[in-house]
Amino acid sequence: MSEYLPCVEIEPATEADAAVIWLHGLGADGHDFAVLVPELRLPPSMAIRFILPHAPRIPVTLNAGHVMPAWFDIMELGPTGRKFNAAQLLASAAAVHALIDREIARGIDSERIILAGFSQGGAVNFQAGLTYDKPLAGILALSTYFPTAQAIEIHPANHGIPIQIFHGTEDLVLALALAEESRDKLRALGLHPDFKTYPMAHTLCPEEVRDISAWFQEILHSEAARS
């Protein structure tokens, strides 16, 4: 792949030795979570490069065909699932693979790369992370779901990948049942996701931000210890 998704990139104070590729939700862009990075209050010793890609602008059927940033089209929305454009989701996952490849080419070990995603971005990163051909540090799934669970072929390199799911109990965009179903599908595939809920809607809350920070530190420190 000769071209990469356009991204916001936030460099650490020292040379990066880890990376987080963080995908936004429908209608947002890479700046959406850039403002959150300082709020994580990560130790200065953690030299993480944050890569926040922008989704392409496409018509979204569910939103009356309006053109907006989206990782894939959504045609129908229901309480237990949704009809989506699978080819576009797979193309977005391939674009994430290209970003991972670029980080490896920049000198970051694959086991020091985390995929994080909110809503649509999390759906893409389930596919991208579980099918990547080198072991990754982890997948952080925020207020999202796992639409490709029935068809995915997990690469052996990531059969044991750490997965953390955070979701709001008051989420009216992606119901809690979808997150629970995603957790159960991951378990059925032999994975071991951690799962936590918060009394919030389709958003983030301060407690969750603290937990994200703690999870990044736990995962990247444990990976460093293994390397």
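In the predicted model, helix H1 crosses helix H2 in a right-handed manner. H1 spans residues 86-105 and H2 spans residues 120-131; the two pack at an angle of about 55°, and their axes lie 8 Å apart. This angle makes H1 oblique to H2. On the H1 side, the contact is formed by Leu89, Leu90, Ser92, Ala93, Val96 and His97, which meet Ala123, Val124, Asn125, Gln127, Ala128 and Thr131 of H2. By residue class, this contact between H1 and H2 comprises 7 nonpolar and 5 polar residues, with no charged residue.

An open sheet of 7 strands is also found, with mixed pairing and the strand order E1-E3-E2-E8-E9-E10-E11. Its edges are formed by strand E1 (7-10) and strand E11 (194-198), each of which pairs on one side only. On average, and with direction ignored, neighbouring strands of the sheet are turned by 15° against each other. Within the sheet, strand E2 (residues 18-23) and strand E3 (residues 48-53) run parallel and are joined by 4 bridges. Ile21 is positioned opposite Ile51 of E3.

Both helices described above also contact strands. H1 lies across E1, E2, E3 and strand E8 (113-118), and its direction relative to E8 is about 150°. H2 packs on the sheet as well, where it touches E2, E8, strand E9 (138-142) and strand E10 (163-168). The direction of H2 likewise makes about 150° with that of E8.

Aromatic pairs were then examined across the whole structure, and the search finds 9 of them. One pair involves Trp22 and Phe216, whose ring centres are 5.9 Å apart; the pair is edge-to-face because the ring planes stand at 90°. Distant parts of the chain are linked by this pair, since Trp22 belongs to strand E2 and Phe216 to helix H4 (residues 206-226), with their positions 194 residues apart in the numbering. Strand E2 thus appears in several of the arrangements described: E2 is joined to E3, is among the strands that H1 lies across, is touched by H2, and carries Trp22 of the aromatic pair.

Terms used: Residues are numbered from 1 along each chain as its sequence is written. This is a predicted model: local features need pLDDT of at least 70, side-chain atom pairs count only at pLDDT 80 or more; totals for chains, interfaces and linings use all residues. Side-chain values use heavy atoms; hydrogens and water are left out. Axes are lines fitted to C-alpha atoms, for helices over the stretch in contact, and angles run from 0 to 180 degrees between N-to-C directions. Angles under 35 degrees count as roughly parallel, over 145 as roughly antiparallel, 65 to 115 as roughly perpendicular and the rest as oblique. A crossing is left-handed if the near helix is turned anticlockwise from the far one by less than a right angle, and right-handed if clockwise. Contact means heavy atoms within 4.5 Å. Ala, Val, Leu, Ile, Met, Phe, Trp, Tyr, Cys and Pro count as nonpolar, Asp, Glu, Lys and Arg as charged, and the others, Gly among them, as polar. Two strands pair if DSSP finds at least two bridges between them. Rings of Phe, Tyr and Trp (its six-membered ring) pair if their centres lie within 6.5 Å; planes under 30 degrees apart count as stacked, over 60 as edge-to-face and the rest as tilted.
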